[in-house]
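Let's take a friendly tour of a protein model. Have the sequence and the 3D view open, and follow along as you read.

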Amino acid sequence: MAQFYSPKRRVTTRQNSPVLTLTVDNLDPFGQGVAHHNGKAIFVPGVLPGEQAEVQLTEEKNKFAKGRLKRLLSRSPQRVEPRCPHFGVCGGCQQQHADESLQQQSKAAALVRMIARETGVTPQQEPVIAGPQYGYRRRARLGLLWQPKQQRLVMGFRQAASSDLVPVTQCPVLHPELEQLLTPLRACLSALQVARRLGHVELVLADNGPVLVLRHLDALKEDDRQALQAFARTKNVTIYLAPDSDSLEKLCGETPYYQVDGLRLDFSPRDFIQVNDHVNQQMVAQALEWLSIQPNDRVLDLFCGMGNFTLPLARRAAAVVGIEGVATLVANGQYNAHKNRLNNASFFHENLEEEVEQQPWAAQGFDKVMLDPARAGAAGVMSHIVKLAPKRVVYVSCNPTTLARDSKVLLSAGYRLARVRMLDMFPHTGHLESMALFINGSAPEVAAK
């Protein structure tokens, strides 16, 4: 996934734009209220289904319009008080004003609608895979900006619809161990001689403690290094220094790791790991159950990262092959397979958007396929999956649009969409993650639980 907060294009309200009184019908997948006026859908952030509001239009197209809330005229019983004092200004969360059930129901319904519209198959709604609504996030990247007039260092996240930083002292979606570091960390960084030349700081919570990656634009003097080491000792933090986008120096602390399915996976703080550990544990367990791995199975894991699924699969199958486009993740997967004594797991560094048929793994046979692509989906490899004719395919998706598109390839080849579940990986945001099970219609199968 995904950076924590990303700057967006600033939206300006047109002069003399009309103000409409609207009643919102439902939420779109991104948490925006959807109302209708003169046959046109109007998207309004901050308004919930059933609420009536005065809305000023900010953008108008032929088939839809966008608006901003001017005044709320009625309140939904599912409206709650946002826990974060920065909500509505910070661009990280869009749905803290909606209760948990509304957020999950609207996303799950949007997922089913999208798949049904694109494929003609209407999946049955299943219980959402979820964890805590707050304190779930184990990774964040905070911008750092020195303000010369105020002589202070700002540390925070991007403002909604802007690249400006919102200074934060609280972030309730962060794991408490990381949130507790915000105030003392800013104080520490502000006191450094290099404070005027800092880029950003990344926080990661490993199973063996917090990790900090500091991007600095000038070389650190010895006094600054000692100050950071003192902070690390006081707060039990591992610190890495990043003088540029490619380099990483461990200043102090232990190699970070996390555990899944009883396995320990060491990682670099810049490696991709799932941000929500509670949901990740359930997601891996669900994938293992749906794939129904047998001791003689050969399993293919596409877009495998450093082995989040690959290594748990290897505990159950005869052999597992992981394919990943990032070389450092492949190296870490190989290292962790060796460290966990999983000699039946092998990894290939390949680009799955290029000449898949010519890649060395492609000539092998597989009984089951697991894939977890990025937002762009897996268009380059879907036809080859069909040629492999696996009995089962589990597709984990962070983009329902590309999931629906790729599903059509399997459905056209005779696969059945057996199960779909939404993953509430990022509560209070517009991210919609899911997983789907496809079963080969020509293969005898025992139904998954």
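Here is a short briefing on a sheet, the nonpolar cores and one helix. Keep in mind that this is a predicted model. Its open sheet has six strands, and its largest nonpolar core has 86 residues.

**The sheet**
- If you walk across the open sheet, you meet its six strands in the order β1-β5-β6-β4-β3-β2, and the pairing is mixed.
- β1 (19-23) and β2 (26-27) sit at the edges with a single partner strand each, so one side of each has no neighbour in the sheet.
- Strands in a sheet pair up through backbone hydrogen bonds, in parallel or antiparallel fashion.
- β5 (residues 52-60) and β6 (residues 64-72) run antiparallel, with seven bridges joining them.
- To find a spot on that pair, look for L57, which stands opposite G67 in β6.

**The nonpolar cores**
- In the core of 86 residues, the ones with the most contacts inside it are L189, L212, L214, L228, I239, L313 and M435.
- Helix α5 (residues 277-291) gives this core its largest share, seven residues.
- Leaving out residues up to four places away in sequence, L189 touches L144, L153, M155, A195, L198, L214 and L228.
- There's also a second, separate core of 32 residues, and I115, V356, F366 and M382 are among them.

**Helix α8**
- Helix α8 (residues 379-388) has these buried residues: V381, M382, H384, I385 and L388.
- Among the elements covering them are β16 (298-302), β19 (368-371), β20 (392-397) and α9 (400-412).
- Right after α8 comes A389, which has a positive phi, near 50°.

Conventions
Residues numbered from 1 in each chain as written. Predicted model: local features only at pLDDT ≥ 70, side-chain atom pairs only at ≥ 80, totals over all residues. Heavy atoms only, no water. Pairing = 2+ DSSP bridges. Helix = DSSP H or I, 4+ residues; strand = E, 2+ residues; numbered from the N terminus. Core = buried A, V, L, I, M, F, W, Y, C linked by side-chain atoms within 4.5 Å. Buried < 20%, exposed > 50% of the residue type's maximum accessible area, 1.4 Å probe, protein only. Contact = heavy atoms within 4.5 Å.
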